[in-house]
Structure formats: C-alpha cells, structure tokens
Amino acid sequence: MTTKKEIEFTDEQQQLLEIAENFCRDKSPVSAVRTQIETEGGYDPAIWKEMGDLGWLGIAIPEEFGGSGLSMAEVVTIAEPLGRNLLATPFVSTTLAAQLCLDAGTDAQKTSYLPAVAEGAIVALALNEAHGDWNLSHITCTGEVSGDTVTLSGQKVQVTDAKGAAAIVATVKINGKPALAILTGEAKEKVTMTRETVIDETRRSFRVSLDGVTIPASNIMDQTKTEAALARHHKLSCLLLSAESCGGTAACLNTILEYLTTRRQFDRFIGSYQSLKHTSVDILTGMEAARSFLYHAATHVDDEGGEIAVRMAKAQSSDVFSFAGDRAIQFHGGFGFTYECDAQLYRRRALWNTNQSGDGAYHRKRLASLLLD
Amino acid sequence: MSEELPTLEDFATEVKEWVTKNKPEDPGFLLPQSFMEVGTDEQFHFLKDWQNKIYKAGYLGMSWPKEYGGRGMPQAYQDIASRELAKQKTPFLVNTIGLNWAGPLILHMGSEEQKKAYVKNILSADEIWCQGFSEPDHGSDLGNAQLKAERDGTDFICNGSKIWTSLGTYAKHMILLARTDPNTNSKYEGLTFFLSPMDIKGVDPVPIKKATGEFGFCQTYFDNARISEDCIIGKEGEGWLVAMTTLMFERGATGGQAGGHATMSTTIDEVIDLAKRTNRDGNISTQDPLMRDELVKLIMESRAMGLNAQRARIPALVSERPSSIPMSGKLLGSEYAKKMGEVATSLQGTNAVYYVGDDNAIDGGRWPRGYFNAFSGTIGGGTSQIQKNIIGERVLGLPKPPRPE
C-alpha cells in the first residue's frame, strides 16, 4: 500500500481543471449569469447537455454503471470553476444524489438510476426541512409502509432544481429511522412544488410537499446503510460547496482588483490606499488557505481524517468567501450598493454556500470535538 | 588513516542513545528559544556548554573539512544528528551566526589563515560570533549601510553604530558590513565586509532592554575602532556581494550545514497541552466554548501553512499567482506565532498576569514572554504592514501610493 501525500494532484485532474476552467469562462461570463437569473429554469439546457457530453455527469460513477469510475477529487476540479463563474446547473445536486445511490442504493436501484444520471438525468435532493437544522438526521417527514407501498408525508425545503428533475431523493423517517426515498414518474408528478425566493438568484429552489405521495417500497434505499450514506453525503456536500466557494472567492477578488486598479479618487487609484490594499491581501491569504484545505480534502475525503480535512475546507472557504463578498460591495462604494454592481452576485452566492451544510462556526465547533477532546 | 563509516541506520541509533543520555536536565531557569533572546549570563553559559558538548561528541560540523575542525563526513550523517537533537527538544545551538553565516562564508571564500583561525572555534562555541548589518537609521535597507571604515595605512578606522546585534556582549567576532568608500555611484558599491574583532578599543556593545524586560540585543558603537585590512573577507569595495552570499547561507550552504537547530519553536500541540492544564470559568480551558473556537482557529492556521507549502509544489494549483504562497510565508508565520502566544497567555485565567521570575508563573512565564518576543517576527525583516504592501503590489498588482512632490 502506498501512502498518499497530503495533496495529490494527478495529470487527469490537471487536464480536467484546465478544460473546466476554459469551458466555464467561455460559457458563463457575468452577462450570461445575469441573463440566466431572469429565466424560469435558471440555467441553459444546452450547457447541461455539453457537460453531459464531456462526461462530467458520470465522473464519480463506477464504469459498470456507465460512469468513468474516477473519484470526488476529480469532481472538485469541475465544481471549482463552476463556482468561479457562478455557472448554475444541477451538477452538484445530481452528483451528490448519485453518490447517495451508490452508498445506500440497492443493486436494482444502482442499475436503474446511475446510468441515467451519467447520461444527463437530473436528480434533486430533498434533505432540508423548515427547522433549519444542518443535521441531516433531524427529519420530521415520514414514510408509512403498507405492503409494497410507502406513503410519505411532510414538507421539504430548499430542494434545488426540483422542477426539471427526473427524480427526487428525499429523507424521511420510516419506523423512526432515517430512510432515503426515491420519487420518480407518477410519484414525482404528484408532489406539490412551490418556488422559493432565495438570496442566491442563480439557484432554483423549491418547497416540496410530500403529503399523500405513495411510492413503491422498492424505491426506498437500503435503510441499514442510510445513516452512513448521509454522513458521507455531508462530507461530500461540504467538499463541493468548498470548491464552489474557492472559485467564487477567486472571481470576487479579481472583481475587487479590477476596480481598485481603475477607479481613482482624490487623484490616485483607490488600490494605492493601504486600507483597501491590506484587506485585499487578507482576502488573498484567506483564499490560499481555503484552496489548500480544499485540495487536501479532495485527496483524503474518504480516508481516515477526511472529516477533519473537509470541515476545515468548509469553514475556511465559507468565511473567506463571505468576507470577500462583503468587502467587494464596500470597496465599490456607492456603485457597490447597486444591483448593477457584480459584487452583490458574489455576496449572495456566499450566503447560500455558507449556510448550506454548516457555516464556519458550526464546523469549528465540530472540529473542536474532533481535535480537542 | 581512513575511518570506516557506520551505516546511516546504526548511526541514527547511536545518536538517539547519545542524545537521550546526554540531553541537559531542566536548568531551573527559563531558557531562551533562540539566539536572539539570550539575556543572562547563566543562560549563555548553559547554552555554550551544551553546544561544546555536542561538538566534542562529534555531532556538529560533521560535513565540514577535517583540517578545520570538522569530520569530513557526508551531510546525511549531520542531518540525522540534527533531526534527533530537534526531535528530543534539546536546547538550540547558541553560536547561530557562526554556524550558519560566518562559518559557511569563511569556508566558502575565506583565506587559509582565516579558515584555520576561526572555523574550529565556531563549532566548539569557544568563540561566539555576532552580526553587524542593520543600523539604527536603516532598518531593513541593508544596502544603505553607513558605518564608516576609513583606510589608514594597513588599518581601517571605524566610526558609527550597528543595531540588533544579538549576543553582542558575548561575541568575540562580528561579521561587519561597513562603508569604505562614500563616493560611489550606487549605494551598493563602496561597501566592504570584515571579520571584525569585538574585544578591541573603541568597540562598545551596549545591551538594549527589550519589551519583554529582558536583554538579548545590543547597539554596538564604533568610536575610532582600528581594525586590520587582514580582517577583510572578499575584496575591498565588494562587500555587498559578500553580504548577499552570506544571506544565501541562511538556508543551507553549498559546503554543507554545520548542523543543529537554531530555534526551539513552540508548536500548537504545546498550546493545546497547556489548555488542558489550565482553568477558565470553573472548567478546564479546553471546555470553554470560546477558547475552543480560538484553539481550532489556531490549529487551522498552522495546518493551512503546512498545506500551502505542499500545494506550492504543484504548479497547476498555483498557476494564477505562483508567488502568492512563498511571499506570504513570513507574514502568516510571524502573525501566527504572535497570536499563539497571546491565546496561550489568555488561557490561564488570573494566572495570565504572572511573568518570568515569579514562582506562580505557569511554565516559568514562557507564554507571555513568547508573545512579546514574537513581535521580533512581526517587526524584524520588514513589518507585517510592509509585507502587506509588498504582497499587495507584487502579487496582486495594486498600485503604489503616489510619491510626494
């Protein structure tokens, strides 16, 4: 057995990162982001199709299920540029749903759903509830088993991309224990969806009512594997949000630098003022730390110590992205206060990314238990 | 007579045994953590004896030439010995300037007489060296050195002063950068590098009391001090080149490193250990919610620096700004060290007020002292504020402020 380095970066990852960076830069300039904000669906289906053609939707799906059998470390190299260019697609939710299916799905479910995902089927995740808790085991929705069917009830919130999804994966409690229910076809059509107004306008988020929806019992994933699958999901979700946030911070910093090197006040470029210059350096060093945590976490997410690595990445990337977005608005002065200024796009994205899957304080609290007790 | 070399493995075992058996007992007073912090005679003699003992045992200067007091062995042996000394947290080697700067420089470009005269006593700590680069009016601007050395026959008459000379009162020699020709086109010309004696008339090292309340630095005054032209290393007027060569030795010399470690650095693990031994608000400090957050932040900072160093070696992951991580190292490391001292002090509840010298001071007062000493890192070699200007301008491309007319 060879021991992995703290950060491994393969030629494959390097290639993927370069391709994804170019792709996202070309497809998603800020003007395109603003156009998509105004649309119903929130993303360009043609781009989604191209991402599928590039093989990105099956990266971490094993070859036997139609994917390319790589790992989450490769997915990170896609998620970072997506975040950098605020390119909204169902990539993250669909990728994470596929991993849940891999971890807790039955053989039949894997065979049935994973190849479809690799080919571009969208899967939405219905995990959050109105109580606002990040703990994925805190579930009030339920499933009542009756013979071969399960009747669901309860409300899920912040279900992104639910509208165009081929399937929704929802957490419910069956016999008092967490279970993962797959809603497809008729069942999926039967749920009531209400679009939510959320701070990050690049996201399409829905409130989903499961009340009265019935699914076949065969659409419940293996309950004995569910808790472990949800624990891993939490790590993977943190990992991909960290990747998006690292990318977002880089773009936000460049937005700041662009203004600081062109805007003049009192006969000098405002970037020559130390109050702005030093703060920009704080953003830079915070971002470098976040990115180092990110690629360390990408290397070791499924190893011993992976939880520590991922929580550090999520805490750091959330905090520095929020800080960068906040300062971006401030440094643009009066213009920063307007909707027209791009700074708000990053600040809004940072608020979403930070408050999904646990913010900085939450993860440091968990880290304290892991590192100090 | 050629000596049979032991295998590296056998040697490692031998060194481990020797260090375990010979590492000094707690002296009963607080030791400094680097050569810049030696403030009392008892600290100095303790450290000098320790270095001498290591040299006599053969674990110092192992790769330096035999004829000058070394052992002429491959560097790998020295590295093993140095690692073991650091691993067992033995005191640092007090003749830091001699071992890391003066010695390698003399071996590299000194005359045969200079090599014979100085190198062995550097290793044995019989002769301590100090450094005379910085001057009171030119903090980090080394090329602007103004201490005058005027030729008088075969001698030079020196006037002016050097500052931040660590171990100034204990040193027998100084590596001295002085201006021998004030009328040159560039400030980098007209400088000459001397291996200058300290125990002569007209050289007066005056200890400076630091914010810690301790001594450790001197301002060294030169008042018509007369030194011989034999003290020049390199050529007259080419001192800048010699100084730059010397600075290169700081990070490993071409001729091999003398060995040993120069600082006893505090690790975050020691702070966590302290937290488990101290109390806040009726409970051990690691149970205090806010202190837990502070400690995790420190652990993360420490971890980030280590991971940054790893990532910096992967070009594809630093392609946007390759100089960002290397140029931020000093800023982040020094600020982190200071914060660590501050948090460690604040962990101690009311006991945080005790200082070095009080019986009740936790760990002899090393934590508040460490905090104060850490300012040497955030100030020396370019303050953190200057570092941020440099990073902002060179890494981020932000404009300099306009020059006043």
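This is a short talk about how chain A and chain B meet in a predicted model, followed by a few single residues.

Okay, some ground rules. The model is predicted, so local features need pLDDT of at least 70 and side-chain atom pairs count only at pLDDT 80 or more, while totals for chains, interfaces and linings use all residues. Residues are numbered from 1 along each chain as its sequence is written, chains are lettered from A and ligands numbered from 1 in the order in which they are written, and side-chain values use heavy atoms, with hydrogens and water left out.

Let's start with the interface. How many residues of chain A are in contact with chain B? There are 41 residues of chain A in contact with 40 residues of chain B, where contact means heavy atoms within 4.5 Å. People often give the size of an interface as the accessible area lost when the parts come together. Here chain A and chain B bury about 3,600 Å² between them, and 65% of that is on carbon and sulfur atoms. Buried area is the accessible area (1.4 Å probe) that two parts lose on being put together, summed over both. Looking at chain A's share, K277(A), R364(A) and L372(A) supply 18% of the area it buries against chain B, more than any other three residues.

Now the polar side of things. The rule finds seven salt bridges across this interface; a salt bridge is a side-chain nitrogen of Lys or Arg within 4 Å of a carboxyl oxygen of Asp or Glu. In one salt bridge, the side chains of R303(B) and E6(A) meet at 2.8 Å, N to O.

So which elements of chain A are involved? Those giving two or more residues to the side that touches chain B include α1 (11–27), α8 (226–260), α9 (274–300) and α13 (360–372). Helices (H or I, at least four residues) and strands (E, at least two) are DSSP runs, numbered from the N terminus. The biggest giver is α9(A), with 16 residues.

Next, two residues in loops. N175(A) is in the loop between β5 (167–174) and β6 (177–184) of chain A, and its phi is near 50°, a positive value in a residue other than glycine. S357(A) is in the loop between α12 (343–355) and α13 of chain A, with phi near 60°, again positive and not in a glycine. Buried or exposed? N175(A) is exposed, at 74% relative accessible area, whereas S357(A) is buried, at 14%. The cut-offs: buried means under 20% relative accessible area, exposed over 50%, partly exposed in between (1.4 Å probe, protein chains only).

Have a look at Q109(A) too. This residue sits in helix α6 (residues 107–118) of chain A and is buried, with a relative accessible area of 3%. A polar atom of the Q109(A) side chain lies 3.0 Å from the backbone oxygen of I220(A). Not counting residues up to four places away in sequence, Q109(A) touches several residues, among them C101(A), I182(A) and M221(A).

Last topic: cysteines. A search of the whole structure finds zero disulfides over all chains, a disulfide being a pair of cysteine sulfur atoms within 2.5 Å. For C341(A), the nearest cysteine sulfur is that of C252(A), 9.4 Å away, and C341(A) is buried at 1% relative accessible area. Why is C130(B) without a bond to C218(B)? The closest cysteine sulfur to that of C130(B) is in C218(B), and at 7.9 Å it is too far for a bond. C130(B) also counts as buried, at 0% relative accessibility.

Methods. A polar contact is a pair of N or O atoms within 3.5 Å; within protein, one must be able to donate a hydrogen and the other to accept it, and residues adjacent in sequence count only if both atoms are side-chain atoms.
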